[in-house]
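Here's a quick briefing on one model, covering a helix, a cavity and the confidence scores. Have a look at it first.

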Amino acid sequence: MYQTFSGSSRRPRQINLSGRPSNPFASAPGTSTTNAVATAAQDRLARQQQRDRVQASAKIQRTWRGHSARRRTFGVWRRVWDDLEGNGSSKQGGRGEVEGYGSEEESLRQLRRLMLFYSPKQEGDVGRLVWFGGRQVVTSSHPGTSCEGRQWMGAYLRVARACVAALRSSWGGVDEETFGRLLDTLAFAARRSGEVFTEQDAIAYYEALTALKDAPSQPLQSALLAPLGSPQAYAGLAVLLARPLDPAMLNFLRSSINTSALCSALTQSPSQQPPRSRLWLLGNLVCLAGPARSTSPSYTTAVARLLGSLAETVDFDSSPLDLDNSSFDRDVLAKVSTGLPLNTFLHTQITGLIDQNSIRNLLVRDQRASSTGAVGQDAQLLAGYALTLLRCFPRKADDIRMWLYLGPTHTSTDIGATRYFWSAARSTTVLQTISRNSRAVIGLLKSSQAQAAAQQQNDWTVILVFLELYTFLLKIMDDEEFMGTVDGKRSSAIPITDVAELVTFLKNLGFTLYFNAAELNGTGDASATYAGDQRSLARHFGGGNSTSVAAEPVIKSSGDATTAKPLTLAGLPGLTIDYLKGLVTGLLRAIYERDSRRHFLPRNHWLMTERFDMTAFIPGVVAEEESRHLVQDQEDQDGQDPEEDEENENSERFGGSGGGGGYMAALRMQEHRERQQRKASRRRYLESVAPRLEILQNMPFFIPFTTRVEIFRQFVRLDQEKRRNGHVDPDLWRQSMMFAPHPSGQGGMQMLARHHAKIRRKNEFRDAFEQFFQLGADLKEPIQITFVDEFDIAEAGIDGGGVTKEFLTSVITQAFDPVGKRGEEEGEPFFAETEGHWLHPTPTAVEDLKSKFRGMGLRDESPGVRAEVRELLKQFEFAGRVIGKCLYEGILVDVSFAGYFLKKWALTGGVGAAPRESGYRANINDLKQLDDGLYRGLLALKNAPAEQVEDFGLTFVVDDLVGPEGHKEVIERELVPGGANMGVTAENRLFYINRMSWYRLQGQSASQTSAFLKGLGSIVQPSWMSMFNQSELQTLIGGASADIDVADLRRNTLYGGTYQIGDDGREHPSVALFWRVMGSIPDEERRKVLKFVTSTPRGPLLGFGQLNPRFSIRDSGQDEGRFPTTIADV
C-alpha cells in the first residue's frame, strides 16, 4: 500500500520525459557501477580544472600586478638615476664628454642603483651601463678615487657580468659606437675584477665574445686581452681557442698570453670536447706558444694530451687542404667524422712540433739517474710526449727516433740514450714481472685509465721509449758494434749479456699479445671457435661457404669486434695495443736476424714450445688457416685491389683549393680510412680466433723450423684441395676438368688448353711469359709442357713431372741470369749478382729502359715508354710467379738470392697491426751484402770524429749510372727534398746513413721488387712466407745444406725397367753397386751426383720423400760403353 501524508493511498502518476531513471539508485538498461564511477571522476576533474583556472587567473593577475609595479618602480628608479646622471645616460650611452664621480661612495651608490633596475633587454639600460662605465673610467683615473680593493673587485665583476649579459642578449637599437663603448666597458671591468673573476665567469666571458659577429676590431681585441692578468681567465680562453681563428688574431694574442697558465688550464679542463674542437685547440695552442716555449712541462703535457686524444681521429701525415680556417671548419671538419685532414694553417703549426732541437732536448738525462736506474718525473713526461709524436707522425718516425737517440744538443755527460733508458727500463716492475712470468702480462696491459696506477704508466712509458730507441739503433749499428767489439770506441749498444734478458721480456710480451688476443681485444674466449668453427666466422663476417654453413643474419652490436676500438695501453693516450704489437714484433725480428748471423744467444733461447700442446699444434694451425679463407673472401668483397688503394691514396691527397673539392677529397679519404679500419677490426678478430697462426706469421721463431716446414706443406695441400675440388693428383684433376662445368662457360678442353704450352728450346722464358702470364694465380694448377725444336716438331716423351721441372729450371736459369742471356734473346739482366754471387733485382732496370728510349728521343711520360715499362714489370712479376710455382710444388732450384731481398719476402706477409713497424726496414748490415764498398764508406763516416765529417764533402744526393752499355748517363737524385743544398754534418750523418741505406736497399729497386713480390704472392700466400726468415726461405728454395743422407735417398728412390725390385725384395747388382759407391764418396761428390739428376746439389729439408719428382733409376739399354744420363721423363 502506498503511504502518503495526504491520506490518499493512490500512487500519483509520474511522467519522465528526460529518459533518465528518476531513482538514481535503481538499475536501468545500459547503466552499471563503472559508469557511475566514471561520471564521478569526470565531475571531480571538472571541479579541479575550474579551481586551476581560478588559481591561474589569480596568479596571472598577481604576476601582472607585480610586473606592472616593478615596471613603475624601475621607471621611477631610471628617472632618478637619469636625473642624478644629468639625463645624458639614457641617450645610447651619452655621446660626448663625461665627467667622473665626485667620490668612490657616489660611484658605488650609482652602480648599485643601476643594478637594481638593469635589464640587458630594456631599451636604454645598455646605454646607461655604457654611460656609467665611461664615468667610472674617468673616476678611477683620478688619484683620490682609484676605486681599488676587494669591494671594488666585486663591483667591477658585476659590471662585467652585466656587459656579458648585454652581449649575449638579442637587444637592438644600439649603434656601432655604443657597441664599441660597451666592449670598452667590458674590458675595463674585466681587467679590474682581479681574483674574484672565476673560471665560470671566464667561460661565459669568452663564449659571449666568441659568438659576436661584425664587432669593432679595436674594442674587441682589447676585450679579448683584458682578463688575461688573472689565471682563472685561461679556462675561458680555451673556449675561444677551440674554434677557428684568424691568424692575425692569434698573432695579436701571442704577445699577451701566459703560456704556462693557458697550458695548466688546458691540462685541468675536461676532455669531452669533440675532435673538431680539440684539433683547433691544438693548432691554436702551438701557434700561440711557439717553438721557443716547447720545453715547458705544462706545454708538453697539454700538447701530448691533445695529440694523444687525436691520434686515432686525425690524419696528421696527409697533405694539407688550401683553405682558410673558417671555410675549412665549415666545409670539411663539420662534415667529416673520422680521418680528419688538416688545412695549411693546422698543418704548418702541428708539423712544427717535429723540430730537431726540441726533440733532441726532450730526453735530458744525468749520470746519477743512470746509475740508480731512476727516471725523473719530467723525464717520464717528456718521454710520453716523444711516444705520442711517434704515434701521430709515422712517416717521420725514423727522424724522431734518430733525434731522440742523438740526445741533448748541450750535455755534460756521455751516457748513451739507449743505455740510459735500458738501465731505467730493466729496473721497472713491469719489465721484471713480464720477464719472470708471461702469464702476468694481461693484467699489466688491460688496466683502464681510471684504474692504472701512475707508476705503472710511467714504467710503460720508459720501456716504450727504450724499445723505440733500440729499434732505430739496430738499423744503423753494424754487427761489430752490436757485439761490443769495436776497438778503441765506446759502443752505444746495451751489453751483449743483457740482450738475452731483453729477448726474454720481448718473447713473453709478444707471445701474450698474439696468443691472448681474444682477451685483449675484448672478444671473450675464442678458444672454442679458433679451431675451425667456420659457422662462428661466417656469422661474424657475413660470409662463408654456403654449402657447409647455413646462412645466418649478421648481428651487429656495440661489443662487436668489427666495431670495437683497439685497447689503450695502460690508459696512455694514443698508445694502443696494436702499436705495441707492431713495435715488439719488429724489434724481435731484428734481434733474431742478428742472432741468425752471429749466434750470441743459446740455441733454443727463442723457442716457446712449452706454451703449446705440440702434438695438436699442426692440426690446430691448419684448421685456423681454413678459417682464414672466410676473412680473405670478406676482404676481397669489402676493399679494392691494393694497387688501386695506393693509386686512390696518391690521387686523393688534399690539395684542392675550393671548399667543395676539399670536402669531397676529405670524404674520399674518410671512406678509405673507414675501409682500412674495418679490415683492421677483422684482423683483430682473426687474431682472437687464430692465435697459433698469428704467432707463426709474426713471431715464427717460437716454433722449430722443421715444424713450420711441415705446416707450410700442409697449407699448400689444403690450398690445392680447395682449388682442385679435392683432386691433388694432376691426372685426376685433369680428368675432373674434362667433364666438370666451369663458371666462365668454357669447356674442359679449353680450360686445360690454357695450362698447356709449346716451348722452344733456348726461348723458355719468353715462350712461358707469352703463354702463361695471363693465367695469373691459376699457374698453381698442373701445367703440361711440350718442347719443340726450331722446326716446331715436338720432342717425344710423356710429362710425368720431370718435363715440368726441366721447364721451370730452364725458365729460372734464363730469368735469373746475371748476364742477361735469355736463350736466343739477349737484353739487360732482370737480376744482378753481388760479389758473393747472391741475386737481387737489378736496381736500375727500369731507369735503364727509360734511358734507352730517351736516347731515341722519347720522353719518359710518352705512352710507348710507359707501355714498355709496364711490360718489363710484368716480366718481373712472372719471374716471381715461377719461383712461387717451384715453392708451391716443392721443386728445388739451384738459385741463391741475397739475404736482404729474401727478407722482404718474409716481412711482406705479416698481418701485424703495425705494418710500418714490422715490415722490412733497410739497415746498414744488409747494405754490406749488396755493396761492401759503400758499407765500409758509411761506417767510416759514422765513426769519424765530429770535426772531420764535413771533410768528406758529402751532400744528401746520390748518383745513379743508368742506361745500356756504351751509353751510360749519370742521374743525380736527392735523398731528401733540397738534399743537393744540404751538407752532411756530424749532426745529421746518421740520418744520411739511414737515407742512403734505404735508397740502395729499398727505394732504388722498389718497382721491380714490388712486381716480383706481387707475382710471388699470387702463387704462395705472403702470410705463409712470413713463417720463415731469409736463410730459411733460401733452404725452402734450394734445399738443406746438411750432408746428403744416402740411406734416406735410397729408401725414397723409384726403380724402373730392368732395375725394378722383384718379389724377392733384392736390388739389382748394378743398383747395389751404385749405392755402395754413393756411400763411399765424400759429400761434395754426392752433391754433384744429386745436381746431375735433380738440378740442385741440396736435398729437401724434410727428407728425400718430399723430392718432386722423385729420384728414379732405370736401365738405358744394352750398350755397356754408354755413360749414365739423366732425363726428365720417358
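**Helix α44**

Helix α44 (residues 1006-1019) runs for 14 residues and reaches 20 Å from first C-alpha to last, close to the 20 Å expected at 1.5 Å a residue, where the expected span is 1.5 Å times one less than the number of residues. Helices here are DSSP runs (H or I, at least four residues), numbered from the N terminus. This is a predicted model, with local features needing pLDDT of at least 70 and side-chain atom pairs counted only at pLDDT 80 or more, while totals for chains, interfaces and linings use all residues. Residues are numbered from 1 along each chain as its sequence is written, and side-chain values use heavy atoms, leaving out hydrogens and water.

- Buried residues of α44 (under 20% relative accessible area, 1.4 Å probe, protein chains only) include Phe1012, Leu1013, Leu1016 and Ile1019.

**Second largest cavity**

- Its volume is about 70 Å³; a cavity is a set of points on a 1 Å grid over the protein atoms alone where a 1.4 Å probe fits but cannot get out.
- Among its lining residues (an atom within 4 Å of a point) are Arg589, Tyr592, Phe701 and Lys903.
- Helix α27 gives the largest share of that lining, three residues.

**Confidence**

- Mean pLDDT (the predictor's confidence in each residue, from 0 to 100) is 78 for the chain, and 79% of residues reach 70 or more.
- Helix α26 (residues 534-541) has the lowest mean among the elements, 34, and helix α38 (residues 863-889) the highest, 92.

How values were computed. Helices (H or I, at least four residues) and strands (E, at least two) are DSSP runs, numbered from the N terminus. Buried means under 20% relative accessible area, exposed over 50%, partly exposed in between (1.4 Å probe, protein chains only). On a 1 Å grid over the protein atoms alone, a cavity is a set of points where a 1.4 Å probe fits but cannot get out, and a pocket is an open set with protein on both sides within 12 Å along at least five of seven lines; lining residues have an atom within 4 Å of a point. Grid points are joined across faces, edges and corners, and a volume is the space filled by probe spheres set on the points.
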